[in-house]
Every structure is written in structure tokens, then in C-alpha cells.
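Colleague: I have the structure open and would like to understand its pockets. Could you take me through them?

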Amino acid sequence: MALKTDVLNTYKKIDEAYVDELLAKEIAANNKKIVVLDDDPTGVQTVHDISVYTNWSKDSIMKGFLEENKLFYVMTNSRGFTAEETTKAHKDIAAVVDEVSKETGIEYVFISRSDSTLRGHYPLETVLLREAYEQSTGKPIDGEIMCPFFKEGGRFTIDDVHYVKYGDDLVPAAETEFAKDKTFGYTKSNIREYVEEKTKGAFKAEDVTSISLEDIHDMNFDKIEAQLMEVKDFNKIIVNSIDYVDIKVFCVALYRAMAKGKVFMFRTAAGIVKVMGGVTDQPLLTRDQMVVKETTNGGIIVVGSHTDKTTKQVEMLKENKNIMFVELDATLVKDEEAFKKEVDRCLALEEEYISAGKTVCVYTTRALITADTGDKEDDLRLSVKISDAVQSLVGRLSIVPSFVIAKGGITSSDVGTKALAVQKANVLGQIKPGIPVWQTGDESKFPLTPYVIFPGNVGEISTLKEAAEVLMA
């Protein structure tokens, strides 16, 4: 049942300054490196001045471990992988991370950062990381922390039910379009029941530990710590949360439990990463902070996401008459020759517009294309083929755009790694709440170009238009 957003104001206020002071001490006392495995590039949507590595070579992981920052991101793009591909990637990453840990003497914690609307390869990814960690370190992982809270996107967990904000309503996640995902769909909004559903009964709903909003808002650190101390055998912990200060209260207790030897794995959205890493707040980015190389060329916006929210955002973007629009007919994807000609047509139009100083938006046909075989992995392969075409519309550009915006998780991953060939990026911050901006590295196709990673499921209907206009100003 949907709730009204008014419920968010009914809980006791927390003394955030006091909690910040406690948390800072706990973070300072913990010397473990937080390695965030991100299944698409949108997971940096809460942080700034943090490194993102787009590969897991030993050199990249070593650089991450030796940074002063408490955390770094490894972008896996596994939401665009088959189960077999994500299995290989996670085993490889875990092996390299442990090798570097042993060489540097720095212990580590894995966060599996995934979708705030509960999509992704779960429980596969954390099971793989658990097995690798326990085998490499000899230490059992006591529990898995489930925290899909993401305030910027309107994702809140109340009484163990995860909600998605639509206007003045909080809609249970399983009643949204995201739960109907062809590859990663689910039917339960209660995280206890979601765990049981996804693990096929291996973990029962009644055995999941729940950290309540009441205990959090009472700042009952001791009780929360005691709950964490009792968790064992990789059982699950739900963090109910409606604001960042809730996560801060939980993390004080979490760090205290970790200091007493408890070991945890994390399956979370972006919110808790910021808090665990002690990343400060900063204002939204201005154009001057993002554009460091002025050019008379236009920018490019590429849209691959098929969510209803994205479609509405593109329609509003069309209100800006200074943006040119090119539609890629994705229905041709099953005809290789016809699809190739279609991609070439779009590329030619893009180059014409960008060189004339106009910003261009290339978007795929809004209809969702399926393989018609009934096999989820066939559908995924088809969507990857479309995404490859979309990223090539950036990767094959012969002129440098003034900025790049990619809409959708898989699309933004492919544009970042394949089209722009980024190996390491610096997260500048956010252009709008929950919408991160990378500054591309010297090794990339377009060095020092602002790259906006716009999740498919984030923002109001006007947000894509507003973000583009910040960069076009």
C-alpha cells in the first residue's frame, strides 16, 4: 500500500551534529579500505573527489588501495552482464583485491553497490564475494547489510518495506515499473520477503535482522550494535532509513561492531557509501566547475534507458528548441545490415549538428525490444547490442563535443568505458541531486570533458532538461 510523503516528517528529530562527531571518531579508528564494486556508473551519485576505476587490473586496484581516500570504486557494469559474465568478473576482482591487500597490509571491506530499486544480479554477486573473501582471508562474513536507501532518488525503507517516491506518494517498490524488469524483476517490496524470494528460500524472511527507524531515531546505538553482534552465518540485516542522518546513526553502531571483530558484506544503493566513507556534502556543480576546456562545438546527449521516467524526461527536453533530436530506430536491431545503416545515419547527423555548435540528443526508439524467445538472457544480449550501437554514436565521433550526457545505467557504462575509453575518472560531484559528473582522464578519447551519468530512474520530469541547460549556458 502506498504512503504519503508526510510520513517522512513523523519521526523524532535526531541531533545530527552529535552523530557526526561520533561517526567521525569511528571512521578515523577504522583502517580498512572500502572497495565499492558498482554494477553501473551511477553509483557515484552521492560522492565527490573520489576515484572510479573502469578496470580491475592489479595496477588500478593498487592505486585505489594507496589513495588517501577511505574508498574507491571499481565499475563492473555487471547489470549489463549475463550471470556467467558477472561470475567471472567478481571472482577476478576478488582475487586481485585480496592480492593487493596482502601486499599492502591493508584490510578491506566489499560494498556491492547496486540499484536503489532492487534490480541486479542478487544474490549472485554477494555470494561470490563472500566465498572469495572467506577463502582468501580465512574469516567468516557474519552478515550481509541490505540498505537500498537513496534520498536523492526518493528511495526510502520504512518498516522493512522499500518505497519509491512518485510526487507526494511513496509507492512500494514491487508495484513500480522497475520491479517488472525483464531480467531482474521481483514481486516483494518488504526486504525480508525480497531476500527470501531472491535467495529461493535459502534465507527466511523471519530470520532477517531489522534495524528499526524507532531505534535509529532514539539514537539507541547500543541496541543496534547488539543486534549486529548477534548476526552470524551471512544472515541479512535491513537498515530502515528515510534520511542520511539515519544511516549515520546506523554506521556509528556498525563501526563499533566491526571494531569488535564482526565482518560484514554490503548490498546497498549509493547512500550508505557516502556515509561510510565520510564523504562531505557539497553544493551542486556549476558550469565553470565542469567545463575546463571551452569549445564552440555543441554537446551530445545519448539516451538508452527505456523507463517511463526517461521517456517523459526526453519529451520535456524537446521543449528546448536549441537541442536537435535524432531517433535511433532500435526495432531494426534483429536485421544486422539495416541496423548498421541506421547507426551510420544517426552518426552523420550528430557530427553535422555538433560541428555547427548545436547540442544533439540521440535516443533509441521508446518501445522495449525483446528477443521473443522467453529467455531473459536473450533479452539481455539484445539490449547489449542496442547499447553497443548507442555508445558507438559517441565513440565514433571525429569531433570533440563540449560535454557528454548519457541516460541509463548500461548506456552510461558503455559510453564511459567503450566510447570514451576512460580508465580512471575523478567524480567532480553532482549536476543535479543523484546525477554524478565524471571528469575524464588524460587517457580518454575526450580528455577533461565533463561526462554526466544520468540514471534511468532518477530525477523529476524536468531534470534532464535542466541538467543539459546548465552545461549549455
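Colleague: What makes up the lining of the second largest pocket by class: how many residues are nonpolar, polar and charged?

Modeller: Happily, and keep in mind that this is a predicted model. The lining there has 14 charged, ten nonpolar and seven polar residues. Asp, Glu, Lys and Arg count as charged, so a lysine such as K151 or K165, both among the residues nearest the centre of this pocket, belongs to the charged class.

Colleague: Why is G153 counted as polar?

Modeller: G153 is one of the residues nearest the centre of the second largest pocket. Gly is placed among the polar residues, so G153 goes there.

Colleague: How do you know that a residue belongs to the lining of the second largest pocket?

Modeller: A lining residue has an atom within 4 Å of a pocket point. For this pocket, 31 residues line the space, which is about 660 Å³. α11 (308-317) is among the elements supplying at least two of them, and α11 gives the most, with three residues.

Colleague: And what lines the largest pocket?

Modeller: That pocket holds about 890 Å³ of space and is lined by 38 residues, with R119, D181, H306, L368 and I410 nearest its centre. Two elements give two or more residues to this lining, α13 (376-395) and α14 (409-419). The largest share, six residues, comes from α13.

Colleague: Which classes do the lining residues of the largest pocket fall into?

Modeller: There are 17 polar, eleven nonpolar and ten charged residues. Leu and Ile count as nonpolar, so L368 and I410 are in that class.

Conventions:
Residues are numbered from 1 along each chain as its sequence is written. This is a predicted model: local features need pLDDT of at least 70, side-chain atom pairs count only at pLDDT 80 or more; totals for chains, interfaces and linings use all residues. Side-chain values use heavy atoms; hydrogens and water are left out. On a 1 Å grid over the protein atoms alone, a cavity is a set of points where a 1.4 Å probe fits but cannot get out, and a pocket is an open set with protein on both sides within 12 Å along at least five of seven lines; lining residues have an atom within 4 Å of a point. Grid points are joined across faces, edges and corners, and a volume is the space filled by probe spheres set on the points. Helices (H or I, at least four residues) and strands (E, at least two) are DSSP runs, numbered from the N terminus.
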